[in-house]
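Please load the model in your viewer, switch to a cartoon representation, and keep a selection tool at hand. The tour below proceeds by selections, each followed by a description of what is found there.

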Amino acid sequence: MRVLGVDPGLTRCGVGVVEGVAGRPLTMLGVGVVRTPTDAELGQRLVAVEQGIERWLDEYRPECVAVERVFSQHNVRTVMGTAQASAVAMLCAARRGIPVALHTPSEVKAAVTGSGRADKAQVGAMVTRLLRLDAPPKPADAADALALAICHIWRAPAQNRLQQAVALHAARTPTTVNAPTTANAPTTVNAPMTSKGLTA
C-alpha cells in the first residue's frame, strides 16, 4: 500500500509518502512541505496548497490519502487555516477517486509511539526509526505527515476487517416490518402459500 500523509496547515502543509504493509518494514518514498506566503490572500494560499498537493499526487500516485482530522483548538484562526487546508487535500484526492482516511492526532501518536500524548520530538524520533532514516525529517510538519501515513498503513487492515464484519452483520440481519395493528387483529400473519392460494 502506498499512502500520502497530509499534515494540513495553511503556512506549512506537511506531506509524506510511505509504502508497505502492516507487519513488515516500511519505506519512505518522499517527504516535504507545501508552503504558502503569509502575506498572500486566502484564496491564493488555498490555490497554492492545492497545486502543491496535486504535484505530489502526480508524482507518487498513492492508493490512499491520510489526512489529520481537525480538532478544536483555543486559537480559532489556526484551526480555521488547518481545516481549510484539510478540505483542499480531501478535495484533491476525491477528484481523482482516491480514498481518504482521517486520523486524529492522538490516534497517530498512539500508533507510532505507543502513547497518545507523545510530543513532536518523540513522534519524529519514532518516524526516523521506523523508516530507517538518518535524521528526523524537518520541519515537524513533514515528520507528522509521515506518521499519518504509517498510522494508516498499520490501522487499515483492522479497519477493513471491522467494516467487513459490520457489512456482513447487516446482510444477515433480517429486516422487520411493523404493520399497523388493531385490538382484534394479530400483528403479523405469515401463512404458507400453495398453488391454490392460502392454506387454512
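Begin by selecting strand 2 together with strand 3, which pair in the antiparallel sense over 8 bridges; bear in mind throughout that this is a predicted model. Within this pairing, show Val15, which stands opposite Gly32 in strand 3.

Now add strand 1 (residues 2–7), which pairs with strand 2 in the antiparallel sense over 6 bridges. A hairpin of 4 residues joins strand 1 to strand 2, and on the pairing of these strands Leu4 stands opposite Val17 in strand 2. With the rest of the chain displayed, look at how strand 2 (residues 12–19) sits: 6 of its 8 residues are buried, so this strand is largely enclosed by the rest of the structure.

Next, centre the view on Gly32, which has its place in strand 3 (residues 27–35). Is Gly32 buried or exposed? Its relative accessible area is 17%, and because buried means under 20%, Gly32 counts as buried. If residues up to four places away in sequence are set aside, Gly32 touches Cys13, Gly14, Val15, Trp56 and Ala142. For a distance check, pick the C-alpha atoms of Gly32 and Ala145, which are separated by 8.6 Å although the two residues lie 113 residues apart along the chain.

From here, turn to the nonpolar interior. Select Val18, Val127, Leu131 and Ile150, which, of the 19 residues in the largest nonpolar core, touch the most other members. The elements that give two or more residues to this core are strand 4 (64–68), helix 3 (105–113), helix 4 (120–130) and helix 5 (140–172), and helix 5 gives the most, with 7 residues. Expanding the selection around Ile150, while leaving aside its neighbours within four places in sequence, brings up contacts with Val18, Leu26, Val112, Val127, Leu130 and Leu131. Apart from this core lies another, of 18 residues, among them Cys13, Trp56, Leu57 and Val88.

The last part of the tour concerns charged side chains, for which the structure holds 8 salt bridges. Select Asp141 and Arg12, whose side chains meet in a salt bridge at 2.9 Å, N to O. Asp141 lies in helix 5 and Arg12 in strand 2, so the pair ties together parts that are 129 residues apart in sequence. Asp141 counts as buried at 13% relative accessibility, whereas Arg12 is partly exposed, with a relative accessible area of 34%.

Move on to Glu54, which forms a salt bridge with Arg96, the closest N and O atoms being 2.5 Å apart. This pair links distant parts of the chain, with Glu54 in helix 1 (residues 42–60) and Arg96 in the loop between helix 2 (76–95) and strand 5 (100–103), 42 residues apart. Glu54 is buried at 15% relative accessibility, while Arg96 is partly exposed at 31%. Extend the selection to Glu50, Glu54, Asp58, Arg95 and Arg96 to see a network of salt bridges that links these residues.

Finally, select Glu107 and Arg155, whose side chains meet in a salt bridge at 3.7 Å, N to O. Glu107 lies in helix 3 and Arg155 in helix 5, so this pair ties together parts that are 48 residues apart in sequence. Glu107 counts as partly exposed at 26% relative accessibility, and Arg155 counts as partly exposed at 30%.

Terms used:
Residues are numbered from 1 along each chain as its sequence is written. This is a predicted model: local features need pLDDT of at least 70, side-chain atom pairs count only at pLDDT 80 or more; totals for chains, interfaces and linings use all residues. Side-chain values use heavy atoms; hydrogens and water are left out. A nonpolar core is a set of buried Ala, Val, Leu, Ile, Met, Phe, Trp, Tyr and Cys residues joined through side-chain atoms within 4.5 Å. Buried means under 20% relative accessible area, exposed over 50%, partly exposed in between (1.4 Å probe, protein chains only). Contact means heavy atoms within 4.5 Å. Two strands pair if DSSP finds at least two bridges between them. A salt bridge is a side-chain nitrogen of Lys or Arg within 4 Å of a carboxyl oxygen of Asp or Glu.
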